[in-house]
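Reader: I should like to go through the terms used for this structure and hear the reasoning behind each. Please show the sequence and the model before we begin.

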Amino acid sequence: MKRLIAYLRRLWLRFRRRHEIASIVQVSSRSELPTRLGTSLYLVGDPPKWAVLKCPCGCGDTIDVNLMKARSPAWQLSVVNGKASFHPSLWMPKDKCGAHFWIRNGKITWV
């Protein structure tokens with residue numbers, strides 16, 4: 001019975017996950033971020049110093065991605081035809097939701 005419940009939980013979480021970034025929004029400071037991030041990716045600063053998005057697993061947490069090379073760890077962001085890609089993968093700590101995924105060409109690929 002426990003195996004069935006665990007399987008159904010994993011299945012539910014898989015369907016609840018988001019699979020793409022709807023849009024990219026540029027803001028000049030963190031104070032301009034909306035309280036509800038939705039399915040957009042927000043780039044903070046010009047040039048962007050941070051990327052901010054709502055965790056696509058559905059947990060509701062906010063993911064802040066450092067884009068400044070002078071600070072560690074830092075991610076590389078590329079935007080081509082309005083679609084974002086990050087390198088390396090993005091993850092949340094295990095003590096939170098533990099989500100781990102890639103964003104490539106605006107699509108979310110779960111690890």
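Reader: What lies over the face of W50, and at what distance from the ring centre?

Author: In this predicted model, R30 lies over the face of W50, 5.7 Å from the ring centre. The distance cut-off is 6 Å, and R104 is also described in these terms, lying 4.1 Å from the ring centre of W102.

Reader: Why is the pair of W75 and W91 called tilted?

Author: The centres of W75 and W91 are 5.4 Å apart and their planes meet at 50°. Rings pair if their centres lie within 6.5 Å, and planes that are neither under 30 degrees nor over 60 apart count as tilted, so this pair is tilted.

Reader: What makes this a link between distant parts of the chain?

Author: W75 belongs to the loop between β4 (62–66) and β5 (76–80), whereas W91 belongs to strand β7 (residues 90–91), and the two are 16 residues apart.

Reader: Why is W75 called buried, and why is W91 called partly exposed?

Author: W75 has a relative accessible area of 13%, and buried means under 20%, so W75 is buried. W91 has 45%, which falls between 20% and 50%, so W91 is partly exposed.

Reader: How do you know that F101 and W110 form a tilted pair?

Author: Their centres are 5.3 Å apart, within 6.5 Å, and the angle of 55° is neither under 30 nor over 60 degrees, so the pair is tilted. Both F101 and W110 are buried. The count of aromatic pairs comes to two.

Definitions and conventions: Residues are numbered from 1 along each chain as its sequence is written. This is a predicted model: local features need pLDDT of at least 70, side-chain atom pairs count only at pLDDT 80 or more; totals for chains, interfaces and linings use all residues. Side-chain values use heavy atoms; hydrogens and water are left out. Rings of Phe, Tyr and Trp (its six-membered ring) pair if their centres lie within 6.5 Å; planes under 30 degrees apart count as stacked, over 60 as edge-to-face and the rest as tilted. Helices (H or I, at least four residues) and strands (E, at least two) are DSSP runs, numbered from the N terminus. Buried means under 20% relative accessible area, exposed over 50%, partly exposed in between (1.4 Å probe, protein chains only). A charge sits over a ring if NZ of Lys or CZ of Arg is within 6 Å of the ring centre and within 35 degrees of the ring normal.
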